[in-house]
Structure formats: C-alpha cells, structure tokens
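This briefing summarises a protein model for work at the bench. Please consult the sequence and the structure as you read.

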Amino acid sequence: MTTHGDAVGQAALSAEAAATRQPATVSKTGSADEKAQVSTMTDQDADHPDRTESAVSRQPHEDPGTAAPPPAPKPDSAPVPARPADLGEADALAAAEPPPGIKKLAEALGNLRSAIGGTAYPLVMPSAEEAQRVGAALVTQLDDYLLPRLARLDAPLLVVVGGSTGAGKSTLVNSLVRAPVSTAGVLRPTTRSPVLVSNPADLPWFQQGELLPGLVRTREPSNDAAALQIVSIPALGAGLAFLDAPDIDSVVDRNRKLAAQLLAAADLWLFVTTAARYADAVPWELLTTARLRGTVIALVLDRVPVEATAEIATHLQDMLNVRDLGTAPLFVLPETQLDAQGLIGEDVIRPLHDWFGRLAADADARAAVVRQTLDGALMSLNPAVAGLGDAADEQARAAKALGDRVTAAYRAGRQTMADGLRDGRLLRGEVLARWQEFVGTGEFLKTLESKVGQLRDRFVSALTGRPLPGRYLQAALESQLVTLLRAISADAAEQAYASWQAHPAGAALLDLDLQRPSADLPERADRMVRDWQQWVLGLVRAEGAGKRVVARGAAYAVNGAGLAVMIAVFTSTAFLPTGLEVAAGAGSAIAAQKVLEAIFGDQAIRTLATQAREDLLLRAGKLFDEEAARFTDRLAAVGLDQEPGARLRQAAADVETARTELALTGSAT
Ligand SMILES: Nc1nc2c(ncn2[C@@H]2O[C@H](COP(=O)(O)OP(=O)(O)OP(=O)(O)O)[C@@H](O)[C@H]2O)c(=O)[nH]1
Ligand SMILES: [Mg+2]
C-alpha cells in the first residue's frame with residue numbers, strides 16, 4: 001500500500017488502489033506483491049508467516065464472478081460452507097452438525113469458559129483486579145463472539161466501526177449504506193447504543209442473539225447501552241453487516257467498555273480516526289490489542305484537509321509502521337461537505353464502499369477474514385489465560401502465606417504454653433502458697449525425709465484428718481492456667497492480626513475483633529482447665545484403683561494425689577523444680593514427687609505426670625486452634641480452589657491443541 005504524498009489519498013480513493021487493498025479474497029497465484037498486501041490483514045506475519053499466505057490469499061480481480069475458486073480445504077481443516085445467495089430465515093438459523101474438529105474446539109472452549117468463569121480472585125492483591133477484569137472480558141468475548149462464531153462460521157461477517165468520539169463513525173456507516181440509519185451529531189458522545197446495519201437476509205442471524213447475547217435487540221433508536229438497534233437495509237449486500245459502536249475514548253465510561261466489548265466481537269475492525277485525532281493514545285492502544293489478537297483491521301483517516309493530506313497520511317502511515325500495523329488497509333477521506341441527509345458524497349465514500357462491496361460479494365473472502373480473526377482471537381486466549389493462571393496461583397500462594405502466618409502465631413502460643421509448664425513459672429505466688437499449705441508443715445516435710453516408709457499413711461491421715469485445703473490450690477491452679485491461656489491467646493491474636501495487616505489480602509479480611517481473643521475465651525479457658533483437672537483426677541483415680549491407700553483415703557487421697565500430679569506437671573519433666581529457686585518451693589516439689597512415688601510407685605508417677613501434661617497441652621492446643629480458626633475461617637470463606645492455575649492452563653492448552661488441529665486459516669500455527 002502506498003502511504004505518502006498525494007498518492008496516499010488518491011490510492012485509497014481510487015478504484016485501483018481499493019482493489020490492491022482488498023483484504024481477503026482468494027487467489028491461486030498469489031504474487032509476492034499480493035502476499036504483501038494480504039499480510040495487511042493479518043498483522044501477524046512476523047509470528048505466523050504461514051497463516052497469512054495460505055489462509056488469506058488475495059484475489060487480484062474486482063469482479064467476484066472472475067474470482068479463482070478457493071483452494072481445497074486441508075483434510076483436517078473445517079470446510080467453509082458456501083453461503084447460499086438466497087439464504088432464507090429458516091436456513092440462516094439452521095446450523096448443520098459441526099465437523100469433528102470444530103466440535104472438539106467448541107467443547108474445549110466451553111470448558112475454558114467454565115474454568116475462567118469458575119475462577120475467582122477474592123483475595124485483594126495487585127494482580128487480582130486485573131485478573132478479574134481480563135477474566136470477565138474473556139468470558140464475555142467467548143459468549144459474545146468466539147462460541148457463536150465457531151458454531152456458525154458461515155454467519156454474516158460483522159464489521160465493527162470503532163474510534164474516537166466525533167471521528168465520524170456514524171456518518172461513515174450512514175454514508176456506506178446511503179441512509180441516515182445511525183444518528184450523527186454535534187454533541188459528544190452521540191452514539192450511546194450500538195446500531196447494527198444489515199441486509200434483510202442476514203437479520204435472522206443478528207436478531208436471534210447468538211452473537212452478543214447480552215444486548216437486547218431493538219428496532220428503534222435507543223440510548224440504552226444494553227440495547228442493540230438492528231436496522232435492515234436492502235441496499236447493503238448480504239453477508240456483511242456494519243456495527244456503529246459507541247466511542248472508545250469519551251468521558252462516558254459505559255461507552256468505552258461497550259466499545260471494547262463490541263470490538264472483541266468483530267470479524268473486522270474498521271477504525272475511524274480524523275486528521276485532528278489520529279495521534280490520540282487510546283485508539284493506538286486498541287489498535288495494538290487488535291494487532292496482538294490477530295484481528296483483521298482496516299483504517300479510515302477521515303476529514304483530512306486536502307492541502308495537508310500528504311503530510312498527515314505520511315505521518316499516520318509512519319505511526320502504523322512503527323506499531324507493526326503498516327500493512328493494514330488505510331483509506332484516506334478528504335474533508336467534505338455532507339449532503340442534505342448528512343452523508344458523505346458518494347464519490348468520496350466510493351473506494352471504501354466498493355471495498356466492502358467486494359468483500360460482501362465474495363463468500364470465500366469473507367470466510368477467510370472470519371477465520372483469520374477467529375483464529376487470532378483463539379490464539380490470543382492462551383497467553384491471556386496464562387496471566388489468569390498466574391494470578392490464580394498467586395491467590396493460592398497468598399492464601400497459604402496468610403494461613404501460615406496464623407499457624408506461626410498460634411504455634412508460638414503452643415510453645416509458650418509448653419515452656420510455661422516446664423519452667424515453673426506457674427508455680428509461684430498463690431499457687432505456691434496454696435501448695436505449701438496443702439502439703440503441710442515443715443514437720444511434714446521432715447517426716448518425708450526420714451520416714452519415707454510411713455509416708456503413705458501419714459499423707460493419707462493428714463488428708464483425712466482435717467478439712468481439705470485442696471480446693472484453694474485447685475482454684476489457684478485454675479486461675480494461673482487460665483491467666484496463662486488468656487495471655488497466650490491475646491499475644492497470638494495480636495501477632496496474627498499484625499501479620500495479616502501487613503499483607504494486602506490479609507488486611508482486607510480483618511476486622512477489629514480479631515485483634516483480641518474471642519469474647520468468650522475466658523469462659524472457654526475456665527471450662528477447659530476445669531475439665532482438665534477433672535480428667536487428671538479421673539486418671540489418678542483409675543491408677544490408684546485397688547491400691548490400699550487410695551481405697552482408704554478415698555476422695556482425699558485422689559484429690560491430694562491429683563493435685564500433686566498437677567503441681568508436678570508445672571515443674572519439669574523430671575519432676576525437679578528446675579525453675580524454682582525458692583527453697584521452700586523446691587522442697588515442696590520434691591515432697592510432691594515423694595508423696596506420689598510413695599503411693600503409686602516411681603514409674604507410675606512419671607507416667608501420670610507425663611499424661612497430664614500432654615493432655616493439658618492437647619486441650620490448650622485445641623483452644624488455640626479455635627482461636628486461630630477465627631482467622632482461617634475467613635480465609636476459607638473466600639472459597640479458593642486448590643489448584644486454580646493448573647485448571648486454567650490445562651483448559652487453555654486444550655483449546656490451543658484443538659485450534660491447531662483445526663487449522664482454521666489453513667495452516668497449523
Ligand atoms: N463536514 C463534515 N462533517 C462531518 C463528517 N463526518 C462527520 N461529520 C460531523 O461530525 C460530527 C460527528 O460525527 P458523528 O458521525 O456523529 O461522529 P461519531 O464518531 O459517530 O461520534 P460518537 O457517536 O460520539 O462516537 C457530526 O456533526 C457530523 O455531522 C465529514 O466527513 N464532513
Ligand atoms: Mg456515533
């Protein structure tokens with residue numbers, strides 16, 4: 001394509017140039033020059049040279065009647081059903097059983113749609129927002145275009161006319177069909193609701209809503225962004241329809257989103273820009289997206305002052321070249337007076353009109369455009385889904401990291417608990433006083449040392465002969481333990497809270513309650529300690545069953561021995577008061593050990609204390625688990641899959657395999 005000087009405008013406008021820009025007609029010969037022209041429709045020749053040559057070869061003739069027949073389809077490629085010229089409504093709607101390759105691809109696409117639709121990115125992370133946006137756009141594109149288009153490769157070709165607000169899109173569409181079907185106006189933006197213009201024969205296809213199913217069909221002009229006005233124009237050749245899209249860049253957010261959605265459903269993008277706007281950023285972003293996606297693109301540079309045509313067209317062409325779009329057909333239309341109906345004069349619009357006319361008349365050319373854009377869109381799924389897979393994996397990693405942080409906080413709590421039992425810190429103050437009181441006087445201790453043999457009797461009689469002070473000790477033990485449990489829970493909650501707050505996904509899941517232990521923790525800790533004490537007493541009772549002294553001392557002995565076991569739990573594994581430097585305390589602990597050893601035997605005592613300690617740690621662990629669950633339940637509630645990324649990647653790989661096998665454009669790319 002020539003792109004500079006007067007030749008540009010003239011070339012684009014002349015019938016001859018229009019012929020050389022013809023996008024996707026079929027040629028058996030395909031000269032080097034023609035191949036270069038053809039690649040204008042693919043924009044992907046660097047990456048996929050085969051595709052452009054074999055799939056979208058050109059027809060050098062303007063007369064469709066003289067067009068060379070299309071090349072025989074490859075055995076493994078889907079045949080393009082010829083579109084009957086007199087396609088009636090019933091025929092248009094009846095889809096034949098698809099060939100196996102298409103069926104396989106459609107199934108793979110369906111699975112991919114489920115995988116994308118079923119993957120959420122609920123954890124707040126930098127990648128999540130983008131993944132949600134891309135995922136939603138892909139699902140929309142699958143529903144709007146890929147699935148219905150694959151199901152009906154022979155359906156009419158849809159040209160979506162896109163560009164900046166005020167570029168003259170509506171005027172252009174009106175001028176192409178020679179009727180003011182879409183309102184053009186001076187207010188920006190004017191078009192709010194897309195307008196689809198088609199030949200009456202193609203109406204059933206567009207009307208039935210396979211394509212762009214989310215848009216409500218209407219025959220009346222509308223301003224509703226969820227509506228699609230369908231206009232039937234006999235003057236427009238069958239097989240090709242225009243869709244006048246809202247702008248891509250006005251301040252109306254809904255317009256921009258809708259335009260992007262419509263462009264993703266296009267078989268061919270007709271980009272309209274003006275002499276005043278062609279260097280705007282937004283259109284170029286979309287053009288680059290189109291190029292990467294392999295969409296067939298044509299451009300109109302509208303309203304070019306005649307005297308500046310060469311300069312502007314050259315500059316635009318340079319910009320296109322730099323962005324790998326240099327081979328896309330470019331039509332340069334001069335600034336002109338509109339006629340009474342607001343249409344561009346027939347002579348000015350003719351090259352573009354004829355170009356589309358030829359495309360409409362040539363089923364093979366249309367099929368090639370459809371297949372190329374479809375194939376490109378399918379091919380672009382894989383990298384897009386790979387991005388989603390990464391984001392999904394990142395979600396899973398973040399969830400694990402958050403879970404690990406909670407685990408670490410409460411594991412530290414368990415450790416503190418175990419240390420607290422071992423280092424004797426619990427055997428102080430009130431507990432120690434009550435223990436000393438419980439074990440007895442200095443005389444009792446002396447007796448222990450000199451007359452170990454009589455210990456059992458003394459111990460038991462001491463217990464049976466006076467009111468049991470054990471309940472105070474038991475209460476002191478309970479309160480000490482509960483205090484420890486509450487302190488550990490408070491520390492762990494604070495630590496877990498802080499660790500989540502430092503992570504964006506964690507911070508979003510927190511509320512202030514989590515900063516402290518649960519409100520009912522004190523009662524639960526109380527209950528837990530009491531249950532444990534009962535359990536220890538039960539253990540001692542079971543162990544002492546049948547032993548004479550226990551039988552004699554009954555409840556006193558069990559209580560006394562049980563409390564002694566608890567005290568032993570609070571000292572050290574060897575029952576030695578390692579952490580107790582207080583002489584009396586040390587003596588007391590030894591006394592406890594001796595009392596128990598005398599009653600139950602040395603080994604049994606070790607076993608009892610070990611069991612009691614383990615049970616206490618187990619109960620405390622359960623309590624901490626419940627506390628940790630307040631965090632982890634929130635994480636679980638977001639409902640993340642185990643391996644979301646792998647599922648997405650597999651579904652995309654299956655699509656890519658089916659796409660390659662089907663070879664829509666005639667070559668396995
Ligand atoms: N003189 C002249 N005016 C034009 C031409 N094309 C469009 N206009 C005017 O420019 C204004 C905008 O044209 P539209 O066709 O509404 O532009 P649009 O791209 O559809 O704008 P949106 O719907 O807002 O996206 C209207 O007032 C048109 O009459 C042209 O080739 N020559
Ligand atoms: Mg408009």
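In which helix is the place of Phe206? Phe206 belongs to helix α9, residues 203–208. Helices (DSSP runs of H or I, at least four residues) and strands (runs of E, at least two) are numbered from the N terminus. This is a predicted model, in which local features need pLDDT of at least 70, side-chain atom pairs count only at pLDDT 80 or more, and totals for chains, interfaces and linings use all residues. Residues are numbered from 1 along each chain as its sequence is written, while chains are lettered from A and ligands numbered from 1 in the order in which they are written.

**Overall architecture and confidence**

- The protein contains 25 helices and eight strands.
- Of its 669 residues, 49% count as buried, a class that requires 20 or more other C-beta atoms within 10 Å of the residue's own (exposed: 12 or fewer; partly exposed: in between; C-beta atoms placed from the backbone).
- Among contacts (C-beta atoms, placed from the backbone, within 7 Å) with a separation of 6 or more, 80% join residues 24 or more positions apart.
- The mean pLDDT, the predictor's confidence in each residue from 0 to 100, is 78, and 73% of the residues reach 70 or more.
- Residues 463–469 stay under 50 in pLDDT, and the model gives them eleven contacts beyond four places in sequence.
- Residues 549–553 are also below 50, with eleven contacts beyond near neighbours in sequence.

**Surroundings of ligand 1**

- Ligand 1 has 23 residues around it, of which Gly168, Ser170, Ala184, Pro189 and Thr191 come nearest; a residue is near if its C-beta atom, placed from the backbone, lies within 6 Å of the molecule.
- Helix α8 (169–177) and strand β7 (296–304) each supply at least two residues of this shell, and the largest share, three residues, comes from α8.
- The shell comprises six nonpolar, eleven polar and six charged residues, where Ala, Val, Leu, Ile, Met, Phe, Trp, Tyr, Cys and Pro count as nonpolar, Asp, Glu, Lys and Arg as charged, and the others, including Gly, as polar.

**Nonpolar core and helix packing**

- The largest nonpolar core (buried Ala, Val, Leu, Ile, Met, Phe, Trp, Tyr and Cys residues joined through C-beta atoms within 7 Å) has 166 residues, of which Val159, Val160, Leu301 and Val565 touch the most other members.
- Domain 1 (5–61 + 123–379) and domain 2 (396–643) both contribute residues to this core, so it lies between them; the domain bounds come from an automatic or database assignment.
- Beyond four places in sequence, Leu301 is in contact with eight residues including Thr273, Tyr278, Leu316 and Val332.
- In helix α10 (253–263), the buried residues are Asn255, Leu258, Ala259, Gln261, Leu262 and Leu263, and they pack against α7, β1, β5, β6 and α11.

**Individual residues**

- Phe206 is counted as buried because 23 C-beta neighbours lie inside 10 Å.
- Not counting residues up to four places away, Phe206 touches Leu196, Ser198, Leu211, Ile230 and Ala241.
- Leu212, in the loop between α9 and β3, has a positive phi near 45 degrees although it is a residue other than glycine.
- Arg303, in strand β7, has a positive phi of about 55 degrees and is not a glycine; Arg303 is buried, with 20 other C-beta atoms within 10 Å.
- Arg291 lies in helix α11 and has 19 C-beta neighbours inside 10 Å, so it counts as partly exposed.
- The C-alpha atoms of Arg291 and Leu325 are 7.1 Å apart, although 34 residues separate them along the chain.

Notes
Contact = placed C-beta atoms within 7 Å.
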